[in-house]
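Visitor: Got a minute to walk through this one with me? I'd like the local details before the overall layout.
Guide: Sure, put it on screen.

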Amino acid sequence: MLLIENSSSFSLSLPPKNRIRMSNRNIRLRFAPSPTGPLHIGGVRTALYNYLFARKNGGKLILRIEDTDQARFVEGAENYINEDFAWCGIEFDESIEKGGGFGPYKQSERKHLYKDFADKLIESGNAYYAFDTADELNSMRLAYEVGKKTFVYNAVERKHLNNSLNISEKETAGRIKNGDAFVVRFKMPENEVVVMNDLIRGRVEVNTSVLDDKILFKSDGMPTYHLANIVDDHLMQISHVIRGEEWLPSLPLHVLLYDAFGWEKPGFAHLPLLLKPDGNGKLSKRDGDRLGFPVFPMQWTDPKTGETSRGYREDGYFPEAFINMLALLGWNPGDERELFSMDALIEAFSIERVGKSGSKFDLEKAKWFNHQYLIKKNNDELADLLMPTVIKNGILVEKEQLADAISLVKERATFVNDLWDQLDFFFKRPQQYDAKAVKKRWKANSFDLMTELKGILANIAGFEAQNIEAVVKQWIEENEYGMGAVMNAFRLLIVGALKGPHLFDIISRIGQEETLERIDQGLHELGRKE
RNA sequence: GCACCGUUCGUCUAGCCAGGUCAGGACGCCAGGUUUUCAUCCUGGUAACACGGGUUCAAAUCCCGUACGGUGUACCA
């Protein structure tokens with residue numbers, strides 16, 4: 001049995017010699033989505049970890065579009081991906097838009113490159129031509145299934161299948177010249193142990209006897225993911241591949257491909273998956289609609305069905321909160337900090353502290369993150385964000401006034417739009433009076449109490465919160481009316497409900513005249529309780 | 001089926017590599033306190049090492065097995 005060592009560059013157990021060699025290698029990472037739909041949060045997290053790793057180590061991040069599957073292309077997906085990263089604040093150093101010295105950055109535009117590499121593999125005996133059609137293979141799989149066996153195109157089966165291993169070189173050349181459809185398959189060694197090193201999982205080994213002869217080059221002239229991926233990563237001088245765990249089973253093939261080409265391998269890290277919040281299984285598109293939370297960073301409308309899926313952006317999440325939440329889903333700094341700006345994440349990030357097991361998204365924690373960011377934002381900025389909502393509600397107000405009101409209620413909100421519900425009464429008289437509150441707090445003596453209070457308020461010269469409070473409290477104490485009885489009824493007249501910040505802060509903002517008018521309105525609406 | 005990966009409070013997780021802590025934190029939840037209301041806030045509480053063996057004076061931690069879960073097994077990525 002032969003041992004194939006993956007001399008992965010960043011394993012700490014490697015001899016110093018290797019590490020010195022590697023330290024000279026530039027750090028270059030890539031995120032390589034395929035434009036088959038919108039990127040969901042799992043993909044964004046993968047991109048984020050790539051970004052953090054690159055920045056942390058002074059490297060570059062590349063965006064490469066892997067569109068080798070022409071059948072699954074979805075209109076608008078590429079555009080969505082770009083917009084998405086712009087919103088999140090994940091920046092690429094090289095991409096279709098930005099360019100760079102290793103383009104093109106779209107695989108369909110690199111099509112001409114791959115055939116040569118497939119040929120090299122054939123020449124070196126690591127690959128071969130196969131003429132079996134997809135239909136033939138499918139029916140063979142079916143036949144095996146009936147016999148409770150699994151068909152695998154491997155070292156055993158290939159001996160009696162329709163490929164160049166079983167016919168002469170001349171005949172192969174003839175068939176290709178003749179225009180017969182063919183694919184190129186990797187010739188998997190029959191019985192070798194491939195030893196791999198994963199930056200997160202450590203040493204992983206697998207015997208090639210359980211692997212199959214994967215197609216590298218399709219009959220439509222395009223490479224499969226496996227070939228294109230290895231070729232491009234090599235050509236683009238990628239030093240580290242950080243990708244989802246669903247790729248771990250393909251790692252032996254990829255390692256073998258690097259060896260077959262004689263290329264230096266990048267370091268590999270396979271990230272645990274994001275799981276469905278209920279039950280198990282990896283998070284998918286549909287889960288969001290089913291469970292009532294966004295799966296996509298931004299809203300997405302399917303160009304074919306017209307179906308719309310909600311997004312974090314549209315739901316009111318701040319990109320910083322979204323990124324912070326996502327970063328902590330599978331990674332932690334090793335201490336008890338939880339709030340991280342992007343810069344702080346870059347500073348703190350290390351691939352070793354990424355967990356091994358999948359994590360479930362928690363909506364409540366996501367909201368908590370957003371709340372933390374909302375209370376940290378300055379009031380002017382929040383006023384700008386809230387202003388459209390205010391205008392939509394038919395209210396005209398100066399930004400300064402709005403910012404001032406926000407400062408009094410921001411602690412109560414999770415999203416910017418929550419703010420409106422928390423402060424609309426600063427700019428709007430009560431349209432109705434909360435029935436429950438009226439029942440509970442509008443007592444038999446309330447009408448007279450409020451009428452008397454109105455007189456007190458009307459005579460205050462400086463209508464500032466502290467001043468009003470002092471006067472009103474003194475009046476209450478002198479007459480032994482009781483704080484609760486007065487203040488709750490008063491709040492009901494001003495706000496229309498038993499909610500909101502310090503009442504004297506509210507009336508000092510709306511002003512003396514408005515305060516008196518609201519008392520009049522409330523007195524008229526609620527009347528004297530019998 | 002086969003291969004690989006995984007498994008600590010309901011959730012995110014620390015601790016595991018270098019065995020000895022009442023198994024720590026956060027979100028949620030519950031209770032109490034503060035408050036003119038609601039919310040915030042403060043204090044406290046709730047709750048976990050998948051199971052079974054082994055090694056050891058001592059196991060969440062090391063070893064083996066089992067169970068459960070996940071991923072992969074396409075001319076998808």
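Visitor: Where is the place of P189?
Guide: P189 sits in the loop between β5 and β6 (192–198). Helices here are DSSP runs of H or I with at least four residues, strands are E runs of at least two, and both are numbered from the N terminus.

Visitor: Before we go on, what are the ground rules?
Guide: This is a predicted model, so local features need pLDDT of at least 70, side-chain atom pairs count only at pLDDT 80 or more, and totals for chains, interfaces and linings use all residues. Residues are numbered from 1 along each chain as its sequence is written, chains are lettered from A and ligands numbered from 1 in the order in which they are written, and side-chain values use heavy atoms, with hydrogens and water left out.

Visitor: Back to P189. Which residues is it in contact with, leaving aside neighbours within four places in sequence?
Guide: T208 and L256. Contact means heavy atoms within 4.5 Å. R203 is 14 residues from P189 along the chain, and their C-alpha atoms are separated by 20 Å.

Visitor: N163 next. Buried or exposed?
Guide: Buried, because its relative accessibility is 1%. The cut-offs are under 20% relative accessible area for buried, over 50% for exposed, and partly exposed in between, with a 1.4 Å probe and protein chains only.

Visitor: What does N163 touch?
Guide: Setting aside residues up to four places away in sequence, N163 touches Y128, Y129, A130, F131, Y153 and R158. A polar atom of the N163 side chain also lies 3.0 Å from the backbone nitrogen of L165. N163 itself is in the loop between α5 and α6 (169–177).

Visitor: And S309?
Guide: S309 is in strand β13 (residues 308–309). It counts as buried because its relative accessibility is 12%. Beyond residues up to four places away in sequence, S309 touches D289, F296, Q299 and W300.

Visitor: Backbone oddities now. Which peptide bond is cis?
Guide: The one from G103 to P104, with omega near -5°. P104 lies in the loop between α3 (77–88) and α4 (111–123).

Visitor: What about positive phi in non-glycines?
Guide: Q237 has a phi of about 55°. E480 also has a phi of about 55°. Neither is a glycine.

Visitor: Where do they sit?
Guide: Q237 is in the loop between α7 (225–235) and β9 (240–244). It is partly exposed, because its relative accessibility is 43%. E480 is in the loop between α19 (465–479) and α20. E480 is exposed, with a relative accessible area of 73%.

Visitor: Switching to the RNA. How many residues surround strand B?
Guide: 59, and the closest are K218, E338, E411, R412 and H502. Near means that a heavy atom of the residue lies within 4 Å of the strand. Of the RNA strand B atoms that come within 4 Å of the protein, 71% belong to sugar and phosphate.

Visitor: Any specific polar pairs?
Guide: A side-chain N or O atom of D69 is 2.7 Å from a sugar or linking oxygen of RNA strand B. For N332, a side-chain N or O atom is 2.8 Å from a phosphate oxygen of the strand. For R141, the distance to a phosphate oxygen is 3.5 Å. The polar-contact cut-off is a pair of N or O atoms within 3.5 Å.

Visitor: Which element gives the most to that surface?
Guide: α20, with four residues.

Visitor: How do the residues of that surface divide?
Guide: 20 nonpolar, 15 polar and 24 charged. Ala, Val, Leu, Ile, Met, Phe, Trp, Tyr, Cys and Pro count as nonpolar, Asp, Glu, Lys and Arg as charged, and the others, Gly among them, as polar.

Visitor: What about the core?
Guide: The largest nonpolar core has 110 residues, and I90, F322, M450 and L457 touch the most other members. Its largest share, nine residues, comes from helix α2 (residues 41–56). A core here is a set of buried Ala, Val, Leu, Ile, Met, Phe, Trp, Tyr and Cys residues joined through side-chain atoms within 4.5 Å. A second, separate core of 36 residues includes I62, F182, L248 and F268.

Visitor: Last one. Which domains is chain A divided into?
Guide: Domain 1 (1–97 + 227–376), domain 2 (379–426) and domain 3 (435–526). These bounds come from an automatic or database domain assignment. The centres of domain 1 and domain 3, taken over C-alpha atoms, are separated by 56 Å.

Definitions and conventions: Polar contact = N/O pair within 3.5 Å; in protein donor to acceptor, adjacent residues only side chain to side chain.
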